[in-house]
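Q: Please take a close look at a single strand and describe its pairing and its surroundings in some detail.

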There are 2 protein chains.
Amino acid sequence: MTAQSNADTAQPKSRPGPSITHLRLENGMDVVVIPDRRAPVVTHMVWYRNGAADDPPLKSGIAHFLEHLMFKGTKRHPQGEFSQLVADLGGQENAFTGHDYTAYFQRVPREHLATVMEYETDRMTNLVLTDEVVTPERDVVLEERRMRTDSDPSAELSEAVQSALFAHHPYGTPIIGWEHEIETLGREDALAYYQRFYTPENAILVVAGDVEPQDVERLARETYGMVPARGAAPERRRPQEPVSRAHRLVTLADPKVEQATLERVYIVPSVRTAAPGESEALEVMAHLLGGGQTSALYKRLVLDRKLAVGAGAYYLGSSLDATRLWVYGVPAPGVSLQDFDAAIDAALAEFIDTRPSEKDFVRAKTRLVADAVYAQDSQVALARWYGAALATGETIEEVTGWANRIEAVTIDDVVGVARKWLDKRRAVTGFLQPEAQA
Amino acid sequence: MTAQSNADTAQPKSRPGPSITHLRLENGMDVVVIPDRRAPVVTHMVWYRNGAADDPPLKSGIAHFLEHLMFKGTKRHPQGEFSQLVADLGGQENAFTGHDYTAYFQRVPREHLATVMEYETDRMTNLVLTDEVVTPERDVVLEERRMRTDSDPSAELSEAVQSALFAHHPYGTPIIGWEHEIETLGREDALAYYQRFYTPENAILVVAGDVEPQDVERLARETYGMVPARGAAPERRRPQEPVSRAHRLVTLADPKVEQATLERVYIVPSVRTAAPGESEALEVMAHLLGGGQTSALYKRLVLDRKLAVGAGAYYLGSSLDATRLWVYGVPAPGVSLQDFDAAIDAALAEFIDTRPSEKDFVRAKTRLVADAVYAQDSQVALARWYGAALATGETIEEVTGWANRIEAVTIDDVVGVARKWLDKRRAVTGFLQPEAQA
């Protein structure tokens with residue numbers, strides 16, 4: 001039930017992947033079944049192809065607000081009943097809003113799958129949205145924003161960095177929304193949003209667990225399949241970011257900051273927007289550059305030059321529109337952020353000029369794929385990978401073929417994308433510093 | 001016929017002002033008559049209360065594009081006829097699009113006022129918008145953008161600075177629009193925009209010159225008065241900018257740059273959004289700080305410390321929403337932009353800590369008011385002041401009372417607004433530098 005960035009939903013990285021079933025109900029709702037028979041449990045998720053980046057103008061935060069309201073009950077199942085049910089079954093539930101999607105999930109013993117499907121279907125269409133429900137929940141969201149962002153300089157800086165990076169595209173607007181717009185969200189907004197986006201054409205059911213595909217299909221037809229079609233999926237209309245030619249440095253100084261940190265974010269192509277192979281090359285490049293303590297940035301900045309106590313990089317592949325690559329670090333005591341920033345520039349230039357060794361390169365690819373296989377040990381993570389990918393326009397084949405595409409990446413590909421995309425003019429750098437240093 | 005910022009339309013600064021007539025036609029159109037009998041000429045302007053900041057999402061540039069299209073002719077008066085008429089009369093014409101308004105004007109011998117009113121009324125409702133007209137003009141606008149912005153690093157930097165300053169409010173979108181959105185503008189967009197905004201309720205007629213108010217009123221009823229009312233002025237719905245807590249530095253390096261320059265822009269209240277007296281105090285403050293060679297910045301940075309070859313500041317008061325205060329400068333040879341930036345910080349801190357002398361303060365106010373009186377010597381400037389003010393929600397009384405309000409500003413007011421609004425966390429600094437320096 002929290003606003004969160006897409007950053008923690010990495011690519012599913014399996015090879016060979018599980019045998020996935022994918023079908024579409026007559027009303028347009030997608031159904032995906034992922035067999036996982038290690039325990040008699042099932043993970044049930046419904047993904048809607050709308051996230052904070054689809055919030056209408058002046059209504060930032062409505063996607064996340066609606067996610068909160070989805071727990072407020074229906075006529076048939078009053079507030080609290082669904083959550084109590086999951087708890088009584090010894091299950092887990094959660095929901096999350098990203099820029100590209102909103103999702104709801106429960107993990108329960110397999111024999112209760114039908115029950116959670118009935119409840120989830122019910123709140124897809126029968127949500128009760130009265131002023132009595134909506135108004136107090138808005139205060140809850142405002143308090144969540146104050147706690148998570150407005151009192152945390154690090155979160156504030158990230159918000160300002162994203163806002164500078166995406167001045168036009170709505171990825172620059174925080175998922176939770178701007179405070180002054182959250183304050184205006186009311187029942188009419190919630191209702192209009194719910195009616196526009198909570199439709200079968202816009203939804204994806206993902207079930208992972210110890211289930212037979214044909215059973216899930218039958219249950220899906222009996223529950224979600226009964227929701228009338230609306231005729232078409234809602235349109236996603238988003239302003240796209242113009243190409244930047246100017247680097248932007250965002251500096252936030254605050255007395256609450258004890259340790260200076262630096263983040264730099266580049267706009268780069270996502271799996272969905274990239275030329276063939278480019279997203280995979282970016283993934284390998286980010287890992288070589290900043291994945292762990294054997295990475296180029298860590299070795300140069302932390303081990304060799306002792307300028308940093310930490311440094312890394314990562315790439316967010318799953319994104320409907322152009323996405324981001326992060327470089328970050330914590331300078332060593334006595335190293336100013338300005339000097340650290342220059343050292344990062346030098347390390348990146350060196351990374352580009354010095355081709356990775358064949359040994360490092362092969363190790364990076366092996367590690368990436370292995371990490372993905374390990375991560376699939378979590379059933380929820382497995383379901384989440386597929387859900388996030390499908391909700392951002394990828395196909396199941398693209399997901400299951402990911403590891404093969406990673407293995408096809410060459411050193412030239414990596415050097416090529418580094419040279420092309422590590423362009424500071426496309427980037428925003430954020431300095432978080434103690435107030436005294438400002 | 002150009003996209004231009006509001007920056008060049010300063011406050012009208014008269015005291016006592018001319019005797020202005022203001023009335024509203026039955027269809028909702030405002031009529032303002034400003035007597036100016038020095039020559040037998042008349043300036044005729046129509047202002048629409050829509051500018052680039054009212055462009056619908058994904059349609060940036062449509063206000064400016066429509067301004068171009070307004071010269072494309074009607075059934076009654078084919079393309080070129082209106083312009084030819086004005087030229088034949090020895091007159092002048094122009095049009096301009098700001099973030100808050102779009103305006104059209106002609107200056108002709110007074111006996112031809114009725115004729116230009118007839119033509120302007122005609123194109124308020126009868127514009128011919130076919131693909132044959134719209135598509136080639138879009139290429140003209142794209143070429144205008146390429147010439148004016150994309151090949152001028154200084155213009156590119158200003159665009160990037162505004163975009164970083166207003167990441168949410170549409171003042172961050174260039175008036176001419178983003179290239180990738182201009183490319184999508186078509187006949188349907190132009191037509192929808194024209195029908196929405198080119199209405200009598202949304203228009204203001206300003207006539208300045210050697211005319212009798214009752215004659216203008218009669219002519220207005222016979223021309224604009226015949227346009228049917230639509231019922232209400234179109235709504236202006238703009239996202240507002242959240243308060244920034246992080247300074248942003250935008251750096252653009254380009255081989256075409258020969259001289260490094262610096263601009264810093266603060267978000268500050270406009271005449272319309274300010275608390276009483278605050279906008280006037282900002283105006284006086286900007287003048288003391290950076291109006292000419294006797295100003296604090298010029299004295300400290302250019303004359304005393306020899307760090308700059310130029311420095312100044314100005315405030316844009318007329319703005320529908322929160323507005324901007326600029327500080328700018330050109331560093332002396334051998335002075336880096338980083339050092340110059342720090343010197344500006346020091347000069348601003350000194351300005352705040354050192355109260356202006358009574359003599360400087362009185363001189364600044366006298367000069368501001370005198371400048372305004374001199375500027376009114378231009379009939380077009382006079383008409384433009386009133387038009388811009390009315391189109392951004394000010395009243396005629398606010399305009400004519402401006403000089404009195406300036407005189408009421410105290411030194412405490414100036415120090416107060418400087419302390420409150422010269423907050424770097426609300427500001428964006430832009431560095432324009434030669435490529436080699438990058």
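A: What follows looks at one strand of chain B, after a short account of the chain A fold.

The model is predicted, so local features need pLDDT of at least 70 and side-chain atom pairs count only at pLDDT 80 or more, while totals for chains, interfaces and linings use all residues. Residues are numbered from 1 along each chain as its sequence is written, and chains are lettered from A, with ligands numbered from 1, in the order in which they are written.

Chain A has 16 helices and 12 strands, these being DSSP runs numbered from the N terminus, with helices being H or I of at least four residues and strands E of at least two. Of its 438 residues, 51% count as buried, where buried requires that 20 or more other C-beta atoms, placed from the backbone, lie within 10 Å of the residue's own.

The strand in question is β8 of chain B, residues 247-254; seven of its eight residues are buried, so the rest of the structure largely encloses this strand. With β8 of chain A, also residues 247-254, β8(B) pairs in the antiparallel sense over five bridges, pairing being assigned if DSSP finds at least two bridges between two strands. Within this pairing, B:R248 in β8(B) is the bridge partner of A:V250. In its own chain, β8(B) pairs with strand β12 (residues 427-434) in the parallel sense over seven bridges, and there the bridge partner of B:R248 is B:V428 in β12(B). B:R248 is thus bridged to A:V250 and to B:V428.

Methods
A residue is buried if 20 or more other C-beta atoms lie within 10 Å of its own, exposed if 12 or fewer, and partly exposed in between; C-beta atoms are placed from the backbone.
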